[in-house]
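Biologist: Could you put the model up so that we can go through it together? I would like to begin with how the chains meet and then move on to the DNA.

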2 protein chains.
Amino acid sequence: MEQKKNLTIKDIAKLANVSPGTVDRVIHNRGKVSDKALAKVSVVLEEIQYKPNVFAQSLKKQKSLYFSVLIPRKEDDGYWRTAHEGITRAIEDFDHFGIDVKVTSFNSKLPADFTSKANEILSESPNGLLITPVFLQESLDILKKFENAGIPYVTFNTKIPDLNPSCAIGQNLKQSGRLAANLIDHCCKQMGNLLIIHLDENPGNAPHMIQKENGFREYFQSRNHNMEIKSIVIPHREPALINDILNKQAGDLRNVTGAFVTTAKVHLVAYPIKSRFNDCVVIGYDPTANNIDGIKSGTIDFLINQNPYMAAYEGIAKLTDLLVFGKNIDPEKLLPLDIITSENLDSYLLN
Amino acid sequence: MEQKKNLTIKDIAKLANVSPGTVDRVIHNRGKVSDKALAKVSVVLEEIQYKPNVFAQSLKKQKSLYFSVLIPRKEDDGYWRTAHEGITRAIEDFDHFGIDVKVTSFNSKLPADFTSKANEILSESPNGLLITPVFLQESLDILKKFENAGIPYVTFNTKIPDLNPSCAIGQNLKQSGRLAANLIDHCCKQMGNLLIIHLDENPGNAPHMIQKENGFREYFQSRNHNMEIKSIVIPHREPALINDILNKQAGDLRNVTGAFVTTAKVHLVAYPIKSRFNDCVVIGYDPTANNIDGIKSGTIDFLINQNPYMAAYEGIAKLTDLLVFGKNIDPEKLLPLDIITSENLDSYLLN
DNA sequence: ATTATATTTGTGTTCGAACACACAAAATCA
DNA sequence: TGATTTTGTGTGTTCGAACACAAATATAAT
């Protein structure tokens, strides 16, 4: 029932009246054990709750475990830069567990790059993989291969159906849309009109944007109000183009009291919005360097923290739990939806 | 310069041309080493960055480390209940590092209880202590004794000057007051009047309340507005008494648009406030069971999460880092100031 | 019955650090 | 100079699990 304290293999051997070697064979079922011996050992194992000494185990195995990480390049986005920092920190923290981590980056706009890098990693057969499966079909294809190769993997940032990662780390995106709506609701008291802005990517290729928008709209559907909620798609990152489209699509709008930008690129539109619509509440994602400036200068009011730092860090932590300590880990880890304002920004930054 | 990978004591011995025993003696400076040998070994140790193998170390030392935890009883407050949960979880998580944790609770209203329990712990000379030094003078006295006994301790919840804990875990309280002000500012647009409510404790004995109030007022000082900000002290927890004092002190107030309650007891006043002042924004602390109900029913708008769960968990984690892995740990760990609303509540609850 | 072959079981070594203990070298005293 | 103490150094065992290999037993083939 209750686990006795620290029974060793030798103890078990004594209890079962066999040799330590036999117990070892049973535990790792590496065959060559008579039914009789197996029965004896099994009984004892049932009885006591054998927990191997992780220290002895790791010492012996010298498990220089090899983890691979595949994420977009840090220069692709402040979001990814932060993710890289989380990885770096995790490597430092878990270093002495004898793990060996190799980080590979891909261009987040090039599916082919993703696939080729992933295949390269596969050929090195790491003990575990941490990956951001940003491309749906490509990810499915390649990760099935990892499954077949028996290489456990943890995903973060994106969740892909039909895959069975050891753990999927992420956030409830629809809920984060609802949260944005909730904040705007608190500030605007259901007056004026609202904007949803999709930036630098096309919602068609970025399901996460859709989910956020759905959540946002859902929140207001259940409340009576007479605000207009308008979605604008700006698949560019150049200021001139952004202004252009903003003029075309929102030029006729009056009295906009809230704007919800569905990505970390929010800093690109914050000022244009604020200068057009006075006192408009601007909400976006992630405290990247540019967005931090926005928060401090007041062009951005709220940021929802997708916490790439923690997500990446947790990814390595989960792999370590799984492979170093042999723990069971939950197949999904939902990160909290942090709200960041000018006044709690620092508390999220210093670590 | 760069640390070679995994040099062992034997390797060092070979490099320095001495025996492993000598290297060991130098590393742990347990004497009996000639100046000549010491010099040789020191040179090599400078050269390479020796990092002992934690697994071998722990295996040998069989360090059944004994940690003591001293915190208020879980029934004293939802805050403390959550802290207990964090401890429990940490014990589970770190169990296999061979640590042994004993939790002692004291009545958070009785300094004498605190002192006697602490002395009892001291007499058991644990390897480390996690403590919430809620009573200023008593904590100073007893923790000095721990320092003299060479027992490292980590504090959380309260920070006491003149003490040198291995790590002080907590939040920037003044900043959390500013954050509350910031949220109210966003919602109220500097119209109407504001309340600060101190509940169930007297600010005189609870410095944390003062700091929060100071932060709150400071935020508005730097902005021009003509709101009245009134502080109310209600050193009770009985609904009747609360209503009574509220009537006396706020009976004449009109148009209150925001109320900031400085503790986790916010649920006790949320409804009275909301029913008196329609649309008043209510902000308090911590998602305790009662406050969760308040958030869900809409009587509470925002909660700032003091995160006792994480604070307590981190406490055990820090002790483990320090004593099991011999890491250097930062003397202060500031936790983020999480903002909780009805829409991100769940993301903080499920773990 | 007697090798030969397969199956099962036991023993011994290893991982790296900690520490006890034995021995060697130098220092002190007679 | 020899006896004795002090100091310095090296060797060997231990922790618990993993695994290689040898030993013992059982089974099959001749």
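**Chains and DNA**

Modeller: The contact between the two protein chains takes 39 residues from chain B and 39 residues from chain A, and please keep in mind throughout that this is a predicted model.

Biologist: OK, and which three residues supply the most of the area that chain B buries against chain A?

Modeller: B:Phe55, B:His96 and B:Glu343 do, supplying 22% of the area that chain B buries against chain A, which is more than any other three residues. The area buried between chain B and chain A is about 3500 Å², and carbon and sulfur atoms give 58% of that area.

Biologist: Why do you say the copies meet through the same surface?

Modeller: Because 100% of the interface residues of chain B are also interface residues in chain A, the copies meet through the same surface.

Biologist: What turn and shift lay chain B on chain A?

Modeller: A turn of 180° with a shift of 0.1 Å along the axis lays chain B on chain A, and the RMSD is then 0.3 Å. That is the relation of a two-fold axis.

Biologist: Switching topic, how is chain A divided into domains?

Modeller: Domain 1 covers 9-52, domain 2 is made of 63-171 + 308-336, and domain 3 covers 173-305. Taken over C-alpha atoms, the centres of domain 1 of chain A and domain 3 of chain A are separated by 62 Å.

Biologist: Now the DNA. How many residues surround DNA strand D, and which are the closest?

Modeller: DNA strand D is surrounded by 24 residues, and the closest of them are A:His28, A:Tyr50, B:Ser19, B:Arg25 and B:Lys60. Of the atoms of DNA strand D that come within 4 Å of the protein, sugar and phosphate account for 65%.

Biologist: Which helices supply at least two residues each of that surface?

Modeller: Helix H4 (54-61) of chain A does, as do helix H2 (20-27) and helix H4 (54-61) of chain B. H4(A) gives the most to the surface near DNA strand D, with four residues, and by class that surface has eight nonpolar, nine polar and seven charged residues.

Biologist: What about individual atoms, say for A:Tyr50?

Modeller: An N or O atom in the side chain of A:Tyr50 is 2.6 Å from a phosphate oxygen of DNA strand D. A:Asn53 instead uses a backbone N or O atom, which lies 3.4 Å from a phosphate oxygen of DNA strand D, while B:Lys60 has a polar side-chain atom 3.5 Å from a base oxygen of that strand.

Biologist: And DNA strand C, which residues come nearest there?

Modeller: Of the 24 residues around DNA strand C, A:Ser19, A:Ser34, A:Lys60, B:His28 and B:Tyr50 come nearest. Sugar or phosphate holds 63% of the atoms of DNA strand C within 4 Å of the protein, and the rest belong to bases.

Biologist: Which helix gives the largest share of that surface?

Modeller: H4(B) gives the largest share of the surface near DNA strand C, namely four residues. Helix H2 (20-27) and H4 of chain A, together with H4 of chain B, each supply at least two residues of this surface.

Biologist: How far is a phosphate oxygen of DNA strand C from the side chain of A:Ser34?

Modeller: The distance from a phosphate oxygen of DNA strand C to an N or O atom in the side chain of A:Ser34 is 2.5 Å. From chain B, a polar side-chain atom of B:Tyr50 lies 2.6 Å from a phosphate oxygen of DNA strand C, and an N or O atom in the side chain of B:Gln57 is 2.9 Å from a phosphate oxygen of that strand.

Definitions and conventions:
Residues are numbered from 1 along each chain as its sequence is written. Chains are lettered from A and ligands numbered from 1 in the order in which they are written. This is a predicted model: local features need pLDDT of at least 70, side-chain atom pairs count only at pLDDT 80 or more; totals for chains, interfaces and linings use all residues. Side-chain values use heavy atoms; hydrogens and water are left out. A residue is near a molecule or strand if one of its heavy atoms lies within 4 Å of it. A polar contact is a pair of N or O atoms within 3.5 Å; within protein, one must be able to donate a hydrogen and the other to accept it, and residues adjacent in sequence count only if both atoms are side-chain atoms. Ala, Val, Leu, Ile, Met, Phe, Trp, Tyr, Cys and Pro count as nonpolar, Asp, Glu, Lys and Arg as charged, and the others, Gly among them, as polar. Domain bounds come from an automatic or database domain assignment. Copies are superposed by least squares on the C-alpha atoms of residues with pLDDT of at least 70 in both. Contact means heavy atoms within 4.5 Å. Buried area is the accessible area (1.4 Å probe) that two parts lose on being put together, summed over both.
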